[in-house]
Amino acid sequence: MPAVQVPYTIYPLGDTALTLDYGNVIDPAINKQVLCLFQKLKTLGLPFILDVIPAYASLTVYYDVVEVRQHLEDNATAYKAMQVLVENTLASVMANEEALPRSIKVPVCYSSKFAPDLSGLAGAKGLTAEQVIELHTSKTYRVYMIGFMPGFPYMGEVNEEIAMPRKLQPRLQVEAGAVGIAGRQTGIYPQASPGGWQIIGRTPIALFDPHRQVPTLLKPGDEVQFYSITEDEFEHYKSRVA
């Protein structure tokens with residue numbers, strides 16, 4: 001069964017890229033269609049496509065202008081030829097082309113030692129810290145995109161009872177493995193970095209390792225469920241992988 005066509009816009013991004021954009025939405029069906037198109041374009045192996053970058057509800061394609069003109073219609077601009085290619089590819093994408101999502105369980109220690117914003121978030125929402133943890137671990141989250149830094153997964157959506165805006169004053173350093181909430185998104189910092197997400201815990205697993213064959217642990221389309229661990233379990237896990 002073909003993927004349902006949803007209204008979109010397509011526009012140039014400079015002289016060597018174009019973006020297909022469904023708008024500023026978080027929608028699993030739209031994200032699935034973006035990832036189906038992403039996979040299809042990657043598997044075509046076209047020499048003039050330099051990179052394909054999926055996001056929540058958009059896809060950007062970088063291309064070599066000279067190569068495009070050599071391989072596609074001579075009487076079209078490189079942008080127009082790429083627009084036709086992307087739209088024709090989109091039309092051929094089937095909803096079931098996306099591989100079955102990987103299910104990944106991620107341990108998180110929600111101890112105050114690793115969760116500087118947990119009590120504040122709980123208080124602002126009229127909840128206990130335990131209730132926030134229960135709500136955060138009760139859902140399975142879709143990885144919509146990887147961005148901000150290598151391996152950072154943008155996942156959603158958290159229960160609206162624990163949705164919380166980014167901090168007004170970002171921290172100068174958030175530790176690697178920190179698990180946070182921003183709006184109805186949840187994410188994990190793969191490396192130490194400045195950041196403004198509400199930090200409610202930390203995972204001992206490495207989200208990004210440049211020495212691994214596949215450096216990023218998570219990829220768009222994955223399904224992630226968090227589960228709570230103690231400080232002792234956290235330290236034991238860290239000692240095992242050190």
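Is Cys36 buried or exposed, and what is its relative accessible area? In this predicted model, Cys36 is buried, with a relative accessible area of 2%, and the views below set that residue beside other parts of the protein.

**View 1. The whole protein and its cysteines.** The protein is built from six helices and 13 strands, and its C-alpha atoms fill a box of roughly 65 × 40 × 35 Å along the principal axes. Of the 242 residues, 45% are buried, while the surface that the protein exposes comes to about 12400 Å², with carbon and sulfur atoms supplying 55% of it. Among contacts between residues at least 6 apart in sequence, 63% join residues at least 24 apart. No disulfides are present in the structure; Cys109, at 1% relative accessibility, counts as buried, and Cys36 is likewise buried, at 2%.

**View 2. Helix H3 and the elements packed against it.** Helix H3 covers residues 78-92, and its end C-alpha atoms lie 21 Å apart, which agrees with the 21 Å that its 15 residues should span at 1.5 Å a residue. Its buried residues are Ala78, Ala81, Met82, Gln83, Leu85, Val86, Thr89 and Leu90. The buried residues of H3 pack against two helices, H1 (28-44) and H2 (65-71), and against strands E1 (9-12), E2 (17-21), E3 (49-54) and E4 (58-63).

**View 3. An aromatic pair between two loops.** The structure holds 11 aromatic pairs, and in one of them the ring centres of Phe152 and Trp197 are 5.2 Å apart with the planes at 70°, so the pair is edge-to-face. Because Phe152 lies in the loop between strand E6 (141-146) and strand E7 (153-156), and Trp197 in the loop between strand E11 (193-195) and strand E12 (198-202), the pair ties together parts that are 45 residues apart in sequence. Both partners are shielded by the protein: Phe152 is buried, with a relative accessible area of 0%, and Trp197 is buried, with a value of 4%.

**View 4. The aromatic cluster and a charge over a ring.** Phe152 and Trp197 belong to one aromatic cluster that also takes in Tyr56, Tyr144, Phe148, Tyr154 and Tyr189. Arg142 lies over the face of one cluster member, Tyr144, at 6.0 Å from the ring centre. Phe148, another member, is found in the loop between E6 and E7, and its phi is near 70°, a positive value in a residue other than glycine.

**View 5. A cis peptide bond.** Most residues other than glycine have a negative phi, and most peptide bonds are trans. The peptide bond from Gly156 to Glu157, however, is cis, with omega near -10°, and Glu157 is found in the loop between E7 and strand E8 (171-174).

**View 6. The surroundings of Val143.** Val143 is found in strand E6 and, at 0% relative accessibility, counts as buried. Leaving aside neighbours within four places in sequence, Val143 is in contact with Asn31, with Pro153, Tyr154 and Met155, and with Leu218, Lys219, Pro220, Gly221, Asp222 and Val224. Ala78, one of the buried residues of H3, is 65 residues from Val143 along the chain, and the C-alpha atoms of these two residues are separated by 32 Å.

Note on methods: Residues numbered from 1 in each chain as written. Predicted model: local features only at pLDDT ≥ 70, side-chain atom pairs only at ≥ 80, totals over all residues. Heavy atoms only, no water. Helix = DSSP H or I, 4+ residues; strand = E, 2+ residues; numbered from the N terminus. Expected span 1.5 Å × (residues − 1). Buried < 20%, exposed > 50% of the residue type's maximum accessible area, 1.4 Å probe, protein only. Contact = heavy atoms within 4.5 Å. Phe/Tyr/Trp six-rings, centres within 6.5 Å; stacked < 30°, edge-to-face > 60°. Lys NZ or Arg CZ within 6 Å of the ring centre and 35° of its normal. Areas by Shrake-Rupley, 256 points an atom, 1.4 Å probe, with all protein chains shown as cover. Disulfide = S-S within 2.5 Å.
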